[in-house]
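Visitor: I'm new to reading structures, and a whole protein is a lot to take in. Please pick one part, look at it closely, and then show me how it connects to the rest.

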Amino acid sequence: MSFFMRVDVGQHERAFVLVDEQPTRYLAPGRYRLTYPFKSVRIVRVATGLPLANLDTALLPLVPESDMQLVDLGADERALLFHRGRPLKWLGRGQHQVWTVERLPGRERKPGAPTVSVERVDTSHLAAEPLRDDVRALVPSNDYTEATATEGCVVLRYVDGALDAVLPAGRHAAWTVARKVQLSVIDLRERLLHVTGQEVMTKDRVTLRLNLSASFRVADARRLAVVARTPDDVLYLAMQLAAREAVAARTLDDLLASRDEVAAVLQTQVAERAASVGLEVLRFGIKDVVLPGEMKELLNRVIQAQKEAEANVITRREETAATRSLAQTAKVLAENPLMVRLKELEAYKDLAGKVGQVHLVLGEGAMPTLQLKQG
C-alpha cells in the first residue's frame with residue numbers, strides 16, 4: 001500500500017500509472033507527486049527514443065494524440081515511417097503505434113517540420129513508381145520488385161505466372177502485395193553461337209568434323225518467352241541437325257567445292273527453326289572443315305598430283321610454241337639469204353662484245369674465216 005509517491009519522468013520516456021492494475025494516468029516528462037491511499041500503485045515506464053512503440057492496448061486510451069499516432073493499414077496498404085526526414089521503417093499490414101514526441105538532445109526541431117512522419121502507400125495498383133535506393137532497402141521482396149533494362153533490352157512482366165506485358169528499356173517496378181509479379185530482362189542485342197567438333201559423314205563415307213558459327217538476336221520477345229524455355233539450346237540443336245543433313249547428301253569433293261552454297265542452305269533451314277521460337281539468324285557460316293589425318297594426307301597427294309600434271313601441260317605447251325617459232329624463223333631465213341648474212345653479223349657483234357677482238361677474213365667463193373683473240 002502506498003499513500004505518497006514521487007515520480008520523475010525523463011525527456012525521452014513516458015510513464016503510466018496503474019492503480020490496482022488499472023491504467024489511470026499518463027505522465028509526460030516532469031516531476032509528479034502521487035497520492036493514492038490504500039491503493040496498489042505501479043508505474044510503467046516506456047522509452048520514446050525509437051518512433052515505434054509496442055504498448056498494451058489497455059494503455060492506448062491514455063496517450064494523447066499529440067504524443068502518438070496510430071496507423072491502421074489495410075491489406076492493400078503500406079506505410080513508410082520517416083524520422084527527421086530520413087526513411088526509417090517500412091510498415092506492413094495491421095496497426096502500428098508511432099511516437100511523435102522524440103527529439104535529439106541539444107537540437108531543436110524546425111517549425112512545421114515534424115520529427116516523425118508517416119507516408120501511406122497504396123499498393124493495390126500493379127505498376128509502381130521506382131523507389132529511391134534508401135527506401136528500397138527497407139521494402140521486403142514480397143511487397144515490391146523492380147528491374148532495369150538498358151538500351152537494347154526489354155523487360156517481360158509476369159503476373160501470377162502469365163505474361164502480362166513487354167516493357168521497353170528503362171527502370172520498371174511493381175507492387176507484389178496482392179499478386180505475384182516477376183520482372184525478367186531480355187537482351188535483344190546480337191549474340192554469337194558456336195557449334196564445334198561436330199563429327200558427320202559425307203555421302204562417300206568420309207568422316208569429318210565441322211565447326212559452325214551463327215550470329216542471331218531476339219526478334220519477338222513475347223514469343224521467345226512463351227514458346228521456348230531454352231531458346232539457345234533450340235538453335236544449337238537446329239544447327240547440328242541441319243549440318244548433318246546437308247553433309248550426308250554430298251560427297252567430300254562437292255562439300256569442299258561448294259562450301260558457301262552449303263552454308264547458305266544451312267542458314268535457310270536454321271533461320272526457319274529460329275523464327276519459330278522468336279529468334280532471327282543474321283549470319284551463318286562454316287568456319288572449319290577438319291579432315292582425319294590419313295584423309296588429309298591423301299587429299300594433299302591428290303592436289304600435288306593435279307598441280308604437277310597442270311605444270312607438265314604448261315611446259316609442253318611452251319615447248320611446242322618455242323619449236324613452232326623456230327620453224328617459222330628458219331623458213332624466213334631460207335627464203336632471204338641477205339637476212340642470213342645480217343644475222344651472222346649480229347652474232348659476230350655479240351661475240352666480239354664477249355671475247356674482245358674478232359678478225360673476220362672473207363675470201364671469194366669461200367666461207368668467212370673467224371679468228372678470235374681474247375682482249
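**Starting from one helix**

Guide: Let's begin with R136, which sits in helix α1, residues 133-136. Keep in mind as we go that this is a predicted model. R136 is partly exposed, since its relative accessible area is 37%. Leaving out residues up to four places away in sequence, R136 touches L131, Y144 and E146. Hold on to Y144, because we'll meet that name again in a moment.

Now jump along the chain. R136 and W90 are 46 residues apart in sequence, and their C-alpha atoms are separated by 9.4 Å. W90 is a good place to stop: its relative accessibility is 8%, so W90 counts as buried.

Next, the rings. Searching the whole structure turns up three aromatic pairs. In one of them, the ring centres of W90 and W175 are 6.1 Å apart and the planes make an angle of 15°; planes under 30 degrees apart count as stacked, so this pair is stacked. W90 belongs to strand β9 (residues 86-91) and W175 to strand β16 (residues 170-175), so the pair ties together parts that are 85 residues apart in sequence. W175 is buried too, with a relative accessible area of 6%. And here Y144 comes back: W90, Y144 and W175 make up one aromatic cluster. So the residue that R136 touches is a member of that cluster.

What does β9 itself do? Strand β9 is part of an open sheet of three strands, in the order β9-β8-β11, with antiparallel pairing. At the edges stand β9 and β11 (116-122); each has a single partner strand, so one side of each has no neighbour in the sheet. From one strand to the next, the twist averages 25°. Zoom in on β8 (residues 77-83) and you'll see that this strand pairs with β9 over five antiparallel bridges. One detail to look for is H83, whose bridge partner in β9 is R86.

There's another open sheet of three strands to look at, ordered β18-β19-β20 and also paired in the antiparallel sense. Here β18 and β20 are the edge strands, each with a single partner, so again one side of each is left without a neighbour in the sheet. Ignoring direction, neighbouring strands in this sheet are turned by 20° against each other on average. Ten antiparallel bridges join β19 and β20, and S213 has G285 as its bridge partner in β20. Helix α3 packs on the sheet and touches β18, β19 and β20, with a direction about 35° from that of β18.

For a close-up, try Q198 in strand β18 (residues 191-201). Q198 counts as buried, at 10% relative accessibility. Its side chain makes a polar contact of 3.0 Å with the side chain of Q240.

Last stop, the nonpolar interior. The largest nonpolar core has 37 residues, and L210, L212, L235, M239 and L279 touch the most other members. The elements that each supply at least two residues of this core include β18, β19 (207-218), α3 (231-248) and β20 (279-290). Take L235: apart from neighbours within four places in sequence, L235 is in contact with L193, F216, V270, A274, L279 and V281. Apart from that core lies another one, of 13 residues, among them L18, V44, V63 and V101.

Terms used:
Residues are numbered from 1 along each chain as its sequence is written. This is a predicted model: local features need pLDDT of at least 70, side-chain atom pairs count only at pLDDT 80 or more; totals for chains, interfaces and linings use all residues. Side-chain values use heavy atoms; hydrogens and water are left out. Rings of Phe, Tyr and Trp (its six-membered ring) pair if their centres lie within 6.5 Å; planes under 30 degrees apart count as stacked, over 60 as edge-to-face and the rest as tilted. Helices (H or I, at least four residues) and strands (E, at least two) are DSSP runs, numbered from the N terminus. Buried means under 20% relative accessible area, exposed over 50%, partly exposed in between (1.4 Å probe, protein chains only). Two strands pair if DSSP finds at least two bridges between them. Axes are lines fitted to C-alpha atoms, for helices over the stretch in contact, and angles run from 0 to 180 degrees between N-to-C directions. A polar contact is a pair of N or O atoms within 3.5 Å; within protein, one must be able to donate a hydrogen and the other to accept it, and residues adjacent in sequence count only if both atoms are side-chain atoms. A nonpolar core is a set of buried Ala, Val, Leu, Ile, Met, Phe, Trp, Tyr and Cys residues joined through side-chain atoms within 4.5 Å. Contact means heavy atoms within 4.5 Å.
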